[in-house]
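The exercises below ask you to work from the model to statements about contacts, burial and salt bridges. Please keep the sequence and the structure at hand while you follow each solution.

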There are 2 protein chains.
Amino acid sequence: MADYDIYGDSGSGNCLKVLWLARHLGIEHRWIETSVLNRGTRTEAFRALNPSAQVPVLVHERRALAQSNAILLHLAEIHDSPLLPCEPFARAKVYEWLFWEQYSHEPCIAVRRFQKVYLKRRDDEIEPKLMERGVAALERMELELARSAFLAGPRATLADLALVAYTRVAPEGGFELESFPAIRRWIGSVEREFKIA
Amino acid sequence: MADYDIYGDSGSGNCLKVLWLARHLGIEHRWIETSVLNRGTRTEAFRALNPSAQVPVLVHERRALAQSNAILLHLAEIHDSPLLPCEPFARAKVYEWLFWEQYSHEPCIAVRRFQKVYLKRRDDEIEPKLMERGVAALERMELELARSAFLAGPRATLADLALVAYTRVAPEGGFELESFPAIRRWIGSVEREFKIA
């Protein structure tokens, strides 16, 4: 029996990043498909695991951990993975990108994609600020990736894994990547690094 | 001369939490007031520190670190503070709350307060979802604090410091705390723990 249960929606980048890291680290796990759209996160059983009713959730030895980037940090830590550097400042820069992802990237890029792909909204039914803020987030990444191979330095870290999840599917949300050559180069590198198909 | 420069806006909970931790840990620091409203975060000099044009920023030995909760983690780590537990799962629960704060709490509770207090908006000029989501965030905290002295267990951690920053001023954003007795008790405990006046 697998040591770890991962409750996730396979259409969600937040959930996929946890799956990709589990595979990368060779962690035996069981994936429990939990659909956001079908209200799988709203059941009583699921809320007992995570009262915030959000996926992903990692369960190990009857203890549940929520928040995708908290799960990434936890798994990398207990496996002493170089994806989370030991040197304090290098490590802190990974933290910085993980918080930035959840505050300045996911709420526009993932949310706009969700509204288009899953809720089938037309462009004129979507809050215009999502596009404006999403483009600003991509510009911020392009600036970094034009001068560095990966977001937090010369080697891949959790920052890249977390950010690639929704950046690689940003065009589905209407964000064109033509004018972001460094981002396109980086997506390829990160997909190869983590064997993301 | 102080080892650490903290660029922050003293009206911002995100900035104050860094200041409170620096004081708590006895870190010598210089506070550099950087006003969001007066576009102090939009200058070329500030963008050289943080291209995302957000406060707070911590500068130490010419290296800059952004994202309030990344700064909290970094300072607690380099000071071996018990505010960030060593045991991996307990530590991960602190991560969980820090990400939850930036995703599910700050974007409604801090943002509604900002619109009311700083932008002087009337209630009918504010997106109604901010109130709905803010109340849901408070309910989530109340659930936890009704069964636990602090958010991530029996002792105060970075999770409490991060969450108290905007929860203590939530009424300024129109969020009444009367129906949240556990939150009110907890605010008092956290303010005493960190000498927040």
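**Salt bridges and the chain contact**

By the rule used here (a side-chain nitrogen of Lys or Arg within 4 Å of a carboxyl oxygen of Asp or Glu), the count comes to 26 salt bridges over all chains. This is a predicted model, in which local features need pLDDT of at least 70 and side-chain atom pairs count only at pLDDT 80 or more, while totals for chains, interfaces and linings use all residues. Residues are numbered from 1 along each chain as its sequence is written, chains are lettered from A and ligands numbered from 1 in the order in which they are written, and side-chain values use heavy atoms, with hydrogens and water left out.

**Exercise 1.** Describe the contact between chain B and chain A, beginning with its area.

Step 1. The size of an interface is often given as the accessible area lost when the parts come together. Here the buried area (the accessible area, with a 1.4 Å probe, that two parts lose on being put together, summed over both) is about 3,000 Å², and carbon and sulfur atoms give 63% of it. On the side of chain B, the residues that lose the most area to chain A are B:F89, B:F99 and B:Y103, which together make up 25% of what that side buries.

Step 2. Counting residues in contact (heavy atoms within 4.5 Å), one finds 33 from chain B and 33 from chain A.

Step 3. Two salt bridges are found across the interface, and in one between B:E77 and A:R91 the N to O distance is 3.2 Å. The elements of chain B that each supply at least two residues to the side touching chain A are β4 (63-66), α3 (68-78), α4 (88-118) and α5 (128-145), where helices (H or I, at least four residues) and strands (E, at least two) are DSSP runs numbered from the N terminus. Of these, α4(B) gives the most, with 15 residues.

Step 4. A network of salt bridges links A:E77, A:R91, B:E77 and B:R91.

**Exercise 2.** Is B:W97 buried or exposed, and which residues is B:W97 in contact with beyond its neighbours within four places in sequence?

Step 1. B:W97 is found in helix α4 of chain B, and it counts as buried because its relative accessibility is 3% (buried means under 20% relative accessible area, exposed over 50%, and partly exposed in between, with a 1.4 Å probe and protein chains only).

Step 2. Once neighbours within four places in sequence are set aside, B:W97 is in contact with B:R140, B:E144, B:L151, B:A152, B:A159 and B:L163.

Step 3. Among these partners, B:R140 and B:E144 form a salt bridge with each other, their closest N and O atoms being 2.9 Å apart. Both lie in helix α5 of chain B, four residues apart, about one turn of the helix. B:R140 counts as buried at 9% relative accessibility, and B:E144 counts as buried at 14%.

**Exercise 3.** Set out where the salt-bridge partners A:E191 and A:R168 lie in chain A.

Step 1. The side chains of A:E191 and A:R168 meet in a salt bridge at 2.8 Å, N to O. This pair links distant parts of the chain, 23 residues apart, with A:E191 in helix α7 (residues 181-193) and A:R168 in the loop between α6 (158-167) and α7.

Step 2. A:E191 counts as partly exposed at 23% relative accessibility, and A:R168 is partly exposed with a relative accessible area of 23%.
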